[in-house]
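This report describes selected features of one protein model, beginning with a pair of helices and moving on to a sheet and to points of unusual backbone geometry.

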Amino acid sequence: MAGIYLHIPFCRRACYYCNFHFSTSLGQKDALVDSLLQEMMLQQPYLQGQQVDTVYFGGGTPSLLDDADLRRIMEKLRQLFPISGQAEITLEANPDDLQPEKLQALKAIGVNRLSIGVQSFHEADLRWMNRAHNSTQALQCIQDAQAAGFHNLSIDLIYGGPTLSDEGWAQNVQQAIALQIPHLSCYALTVEPGTALDHFIKQHKVAAVDPDKAARHFEMLVQWLAAAGYEHYEISNFALPGCRSRHNSSYWQGQAYLGLGPSAHSFNGHSRQWNVANNSSYINAIKEGKVPFELENLTPEMMLNEYIMTSLRTSEGCHLYLVEERFGTDKRRQLETASKEFILAGKMVQQQDTLVLTPEGKLFADGIAAELFV
């Protein structure tokens, strides 16, 4: 099984914390859609005929596209790629875009999963983040989506921000549980270089992010969602049984995927490539019949390190027998030796043939993985 990711690089407004590739001008929207359709044809051989099990519209804000644009994209995908009849087709959306008519159009196009950028149900948080929607829309869009028949829903929530108290965070999570949302992606507010938030902090216009608050919010989140029956299947992702994101899970399982659009990444098992993160450069290159990407061939060491990084983020953990099978006995022994420090510190446990992070270890997942790299 393989996946296809489409990057739609447009947003109505720039959120202060975001460092993804996007533009707040829609002037190139039509040209971008035409280029996406052309890139599909140029990249058709990439997945070598593998059946496509997931399609994911990310961004940016894909829900900004017209219904006709989304229909053209889905029709071309089905024409060029062997998309499974049971494929998970996800579209990221902002609450202010999800009017009832839009929801019906998305269902007609074939979208069967929505990932909604709620971020918070509190007005003060949304204003501080510079989100385009308000708290009323955050709640209303979920109710409208459910009424339209979208039961495979995910929402994003952000914790650790200066306007979000412990009580406010509890209210956000309990609201999501009460709405019976089957999937939650919850992220600590991070300060990415070059973002507006980074600039504001350096200019002392806003307070720096408090890592202790973020850690506390994470620990609270894990307890609340476990009590509500959610699986904590990846560091930032929680799902009711049977409701995991199939597309994102394929990334963590090392399956092949094709990325289309500016800044999109692709992976075929032995190399990785990423498109130029510039709309004009992307459009101009596609017009000339070229896909503007950089390529990185992965060495065995790089592939092992990637497996360590991704597997430790999941509830299944890092399987030592797979390390031995794919990379050799010496690499397994090296990894076991390096992991002892974190096992003794209570940040990791070894369950038979698998290394799994403890709740405390999950707070330091990326740093621990980096220490285990070969």
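Helix H1 (residues 29-42) and helix H10 (residues 279-287) have axes that come within 9 Å and cross at roughly 50 degrees, where axes are lines fitted to C-alpha atoms, for helices over the stretch in contact, and angles run from 0 to 180 degrees between N-to-C directions. H1 and H10 are therefore oblique to each other, given that angles under 35 degrees count as roughly parallel, over 145 as roughly antiparallel, 65 to 115 as roughly perpendicular and the rest as oblique. On the H1 side the contact (heavy atoms within 4.5 Å) involves Ala 31, Leu 32, Ser 35, Leu 36, Gln 38, Glu 39 and Leu 42, and on the H10 side Tyr 282, Ile 283 and Ile 286. These residues divide into 7 nonpolar, 2 polar and 1 charged, with Ala, Val, Leu, Ile, Met, Phe, Trp, Tyr, Cys and Pro counted as nonpolar, Asp, Glu, Lys and Arg as charged, and the others, Gly among them, as polar.

The model is predicted, and local features need pLDDT of at least 70, side-chain atom pairs count only at pLDDT 80 or more, and totals for chains, interfaces and linings use all residues. Residues are numbered from 1 along each chain as its sequence is written, and side-chain values use heavy atoms, with hydrogens and water left out. Helices (H or I, at least four residues) and strands (E, at least two) are DSSP runs, numbered from the N terminus.

An open sheet of 3 strands follows the order S13-S15-S14 with antiparallel pairing, two strands being paired if DSSP finds at least two bridges between them. Strand S13 (318-319) and strand S14 (348-351) are the edge strands, each pairing on one side only. S13 pairs with strand S15 (residues 354-357) in the antiparallel sense over 2 bridges, and His 319 stands opposite Thr 354 in S15.

Most residues other than glycine have a negative phi, and most peptide bonds are trans. The peptide bond from Gly 59 to Gly 60 is cis, with omega near 20 degrees, and Gly 60 is found in the loop between strand S2 (52-59) and helix H2 (67-80). Two non-glycine residues with positive phi are tabulated below, together with their accessibility (buried under 20% relative accessible area, exposed over 50%, partly exposed in between; 1.4 Å probe, protein chains only).

| Residue | Phi | Loop | Relative accessible area |
|---|---|---|---|
| Asn 130 | about 70 degrees | between helix H4 (123-129) and helix H5 (135-147) | 17%, buried |
| Gln 180 | near 60 degrees | between helix H6 (166-178) and strand S6 (183-188) | 64%, exposed |
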